[in-house]
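Please open the model in a viewer and keep the sequence panel at hand. The stops below proceed by selection, each followed by what is found there.

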Amino acid sequence: MVSDLKFVCRDETSKSMEELVSDLKSISPDFPIDSSFFPSQITECPRRIIYRVRGTTYISKESIFKCVKKESFKNKWISLLEKSKSIKVLHKDVIASDCNYNLYSKADCVINLKGDILAVKSIQVTKDEFNQVYKKGAMKKHVIEMVVYIWLLEVDSGLIIYESEEEDFYIFHIKPYKSIINSVIDKCTKLCDFKLKGQIPNRPYKLESKECEVCEYKSLCWKNKED
Ligand code: SF4
């Protein structure tokens with residue numbers, strides 16, 4: 001038992017440790033704070049995407065912990081797949097990128113399943129989201145993300161693994177879809193133009209919209225309503 005509480009205090013060392021773990025760049029150089037468009041965010045508001053790639057970085061402690069949790073969640077699924085005798089994990093953390101459209105991301109892994117080459121992405125969801133997925137199928141933003149992986153990695157198809165907080169899971173098989181690829185190309189081309197010209201797209205949503213409600217740039221974006 002500690003009898004002298006002077007030895008148990010929040011001092012300069014603890015503060016510098018707190019600062020260190022709050023420095024996202026030192027923890028995860030892969031955290032989306034660079035200038036690429038991320039397939040997982042490509043369905044978002046174009047103005048929000050441009051704020052992000054301009055380096056208007058919004059970092060919260062929640063995002064740091066989320067980032068670390070995501071990493072261990074992904075590794076859990078990769079090691080599970082590696083244990084299967086019928087699945088061959090060919091590559092892990094596979095970079096899917098295209099410099100023409102400024103796209104960059106990583107699929108969890110690429111596997112060989114009965115001769116088919118598939119990209120894999122595991123996603124942890126809340127109980128409500130899991131129920132939605134059960135009723136309506138894979139979420140649009142995840143389907144688009146996976147189609148981008150299939151396109152950029154030149155694999156046959158992809159698998160999205162949804163796991164709930166209660167460790168139930170569903171797996172969806174996604175096939176290549178040309179019209180999604182075309183719409184992603186179209187959006188990225190327009191975004192690249194804004195980025196190169198140093199311009200910000202007009203707001204496509206109203207202040208009270210659900211898109212703006214969850215946007216990390218809301219106060220910056222609506223600071224001057226006339227802009
Ligand atoms: S606050 Fe709304 S309009 Fe502005 S960047 Fe965010 S989502 Fe887009």
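Ala, Val, Leu, Ile, Met, Phe, Trp, Tyr, Cys and Pro count here as nonpolar, Asp, Glu, Lys and Arg as charged, and the others, Gly among them, as polar. The model is predicted: local features need pLDDT of at least 70 and side-chain atom pairs count only at pLDDT 80 or more, while totals for chains, interfaces and linings use all residues. Residues are numbered from 1 along each chain as its sequence is written.

**Whole chain.** Colour by secondary structure, with helices (H or I, at least four residues) and strands (E, at least two) taken as DSSP runs and numbered from the N terminus. Nine helices and five strands appear, in the order α-α-α-α-β-β-β-α-α-β-β-α-α-α.

**Ligand.** Select the ligand and the residues near it, that is, those whose C-beta atom, placed from the backbone, lies within 6 Å. The selection comprises C45, R47, R48, R203, Y205, E211, C212, C215, Y217, K218 and C221. Two or more of these residues come from each of α3 (46-53), α8 (210-213) and α9 (218-221). Sorted by class, the shell holds six nonpolar and five charged residues, and no polar ones.

**Strands.** Next select β3 (residues 116-125) and β4 (residues 157-164); strands pair if DSSP finds at least two bridges between them. These two are parallel and share eight bridges, with A119 bridged to G158 in β4. Then add β5 (residues 169-174), which runs antiparallel to β4 and is joined to it by six bridges; I160 faces F172 there. The hairpin of β4 and β5 has four residues between the strands, and E167 in the turn shows a positive phi of about 70°.

**Core.** A nonpolar core is a set of buried Ala, Val, Leu, Ile, Met, Phe, Trp, Tyr and Cys residues joined through C-beta atoms within 7 Å; buried means that 20 or more other C-beta atoms, placed from the backbone, lie within 10 Å of a residue's own. Which residues have the most contacts inside the largest core? They are A119, V148, Y149 and I150, in a core of 30 residues. At least two core residues come from each of β2 (103-113), β3, α6 (140-153), β4 and α7, and α6 gives the most, with eight.

**Helix α7.** Finally, select residues 178-197. The 20 residues of α7 should span 28 Å at 1.5 Å a residue (1.5 Å times one less than the number of residues), and the end C-alpha atoms, 29 Å apart, agree with this. G198 follows α7 with a positive phi, near 70°.

Methods:
Buried ≥ 20, exposed ≤ 12 C-beta atoms within 10 Å, placed from the backbone.
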